[in-house]
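Notebook open, new structure on the screen. I'll jot things down as I look them up.

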Amino acid sequence: MLAEKRILLIIGGGIAAYKSLELIRRLQDRGARVTPVLTRAGAQFVTPLSVSALAGHKVYTDLFDLTDEAEMGHINLSRSADLIVVAPATADLMAKMAAGLAEDLASTLLLATDTPVMVAPAMNVRMWEHPATQRNRAQLEQDGIGFIGPNEGGMACGEFGPGRMAEPAEIVAAVEAKLSGGPLAGKRILVTSGPTHEPIDPVRYIANRSSGAQGTAIARALAGLGAQVVFVTGPADVPPPPGVEVVAVETAQQMLEAVEGALPVDAGVFAAAVADWRVASASDRKLKKSRDGMPSLAFAENPDILKTVSRMPEGRPRLVVGFAAETDDVIDNATAKRARKGCDWIVANDVSPATGIMGGAENAVVLISDEGHEEWPRMGKAEVADRLARRIAAALDG
Ligand code: CTP
């Protein structure tokens with residue numbers, strides 16, 4: 001139920017705006033209080049009168065409505081809500097949001113708010129698939145905006161594909177999941193991510209090619225399901241997701257300390273590409289070509305963070321998930337790795353250069369547990385993360 005939840009519904013301009021009328025009804029049936037905002041383009045598809053009659057509330061349409069500016073102001077309007085829903089979210093509105101434009105009431109509200117925002121995109125399939133829209137989608141996801149749909153299907157313009165707005169019932173379900181805190185509400189989950197840097201001297205280090213993309217996507221997905229996420233990250237290429245507690249580290253030893261400091265947790269996901277070795281005695285002065293000749297580096301073994309946590313006699317998380325980056329015999333090697341490390345699940349992937357997975361946008365993984373192995377089709381890293389987060393929620397629920 002959504003009893004007494006305050007939802008600010010921004011209705012953008014698109015044929016799907018007619019579904020927003022049903023959305024208002026359904027949200028109200030669940031007990032929500034809906035304040036509608038209609039963009040100028042939205043008013044081409046549904047009338048302010050029908051929206052306000054259904055919502056039982058004045059519809060806000062213009063930024064420069066002086067009475068309301070004096071009474072409430074656009075900032076209050078956005079902040080007094082529990083959730084902002086944009087449905088339909090047009091390509092134009094998404095672009096404005098991604099760019100941080102504030103040129104009408106809807107975009108100003110969206111820029112001025114600190115309230116969570118969910119968008120239900122609706123547009124022609126070509127517009128959805130256009131690189132500009134996909135760039136904006138990625139940016140908005142990174143900014144913590146939740147997406148509902150779009151769905152695939154026939155569209156008003158006669159084309160077929162992704163771009164149809166999610167059905168009102170689906171939007172209501174997503175809103176309820178968001179406002180009820182999600183299936184991981186109250187759970188604390190640790191995620192390690194990114195590479196580690198092991199210093200040789202103050203200016204040089206040994207690193208690996210991990211971008212941190214998969215670990216970041218997992219932290220974002222877990223937070224999206226309501227978990228309190230502690231995100232321990234090495235120096236990654238991608239920024240950490242919003243809404244998580246970030247502990248930035250550089251070396252494997254620092255990562256272990258940060259992980260131990262984050263315990264206890266309900267689950268730990270160890271997606272970091274931790275260096276197995278460090279330079280035994282890193283120099284605290286820059287190694288000089290002339291003075292020192294060719295340096296010879298002696299290595300020492302780094303602590304195995306996943307193994308340390310998996311084998312903790314006390315305070316072990318209920319669920320420990322490791323990763324296995326393999327180039328050969330993925331399933332056999334990863335199954336052996338799971339036993340060796342003592343974790344519950346291993347998410348294995350083939351990182352041979354030909355797969356383009358390391359540093360790429362997609363992943364093809366095999367989930368290994370005591371029930372055997374399960375191959376997932378190749379999909380985007382965000383989708384892998386969503387699926388894994390839901391599996392973790394189900395496992396912690398039992
Ligand atoms: N891992 C870790 N600490 C380390 C090394 C690895 O926590 N010092 C974790 C990684 O985060 C990952 C898993 O262990 O979840 C597997 O890492 P991987 O490098 O594939 O395994 P290794 O134990 O290093 O085995 P190998 O290099 O022989 O494949």
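Which of the 15 residues around the ligand come nearest? I looked and got F270, A272, F323, K337 and K341. A note to myself before going on: this is a predicted model.

Next I checked polar contacts to the ligand. A polar backbone atom of F270 sits 2.6 Å from a ligand oxygen. For K337 the side chain does the job, with a polar atom 2.7 Å from an oxygen of the ligand. K341 also uses its side chain, where an N or O atom is 2.6 Å from a ligand oxygen. I then looked up the cover: on its own the ligand has 580 Å² of accessible area, and the protein covers 78% of that.

F270 led me to strand 13, where this residue is the bridge partner of T192. Strand 13 (residues 267-270) pairs with strand 8 (residues 188-193) in the parallel sense, over four bridges.

I followed those two strands into their sheet. The sheet is open and has eight strands, ordered 12-11-8-13-16-17-19-20, with mixed pairing. Strand 12 (245-248) and strand 20 (372-375) are at the edges with a single partner strand each, so one side of each has no neighbour in the sheet. From one strand to the next, the twist averages 15 degrees.

What lies across strand 17 at about 165 degrees? I found helix 15 (residues 381-397), which also lies across strands 8, 13, 16, 19 and 20.

Last stop was helix 5 (residues 91-99). Its buried residues include A91, L93, M94, K96 and M97. G100 follows helix 5 and has a positive phi, near 75 degrees.

Notes: Residues numbered from 1 in each chain as written. Predicted model: local features only at pLDDT ≥ 70, side-chain atom pairs only at ≥ 80, totals over all residues. Heavy atoms only, no water. Pairing = 2+ DSSP bridges. Axes fitted to C-alpha atoms, helices over the stretch in contact; angles between N-to-C directions. Contact = heavy atoms within 4.5 Å. Buried < 20%, exposed > 50% of the residue type's maximum accessible area, 1.4 Å probe, protein only. Near = heavy atom within 4 Å. Polar contact = N/O pair within 3.5 Å; in protein donor to acceptor, adjacent residues only side chain to side chain. Areas by Shrake-Rupley, 256 points an atom, 1.4 Å probe, with all protein chains shown as cover.
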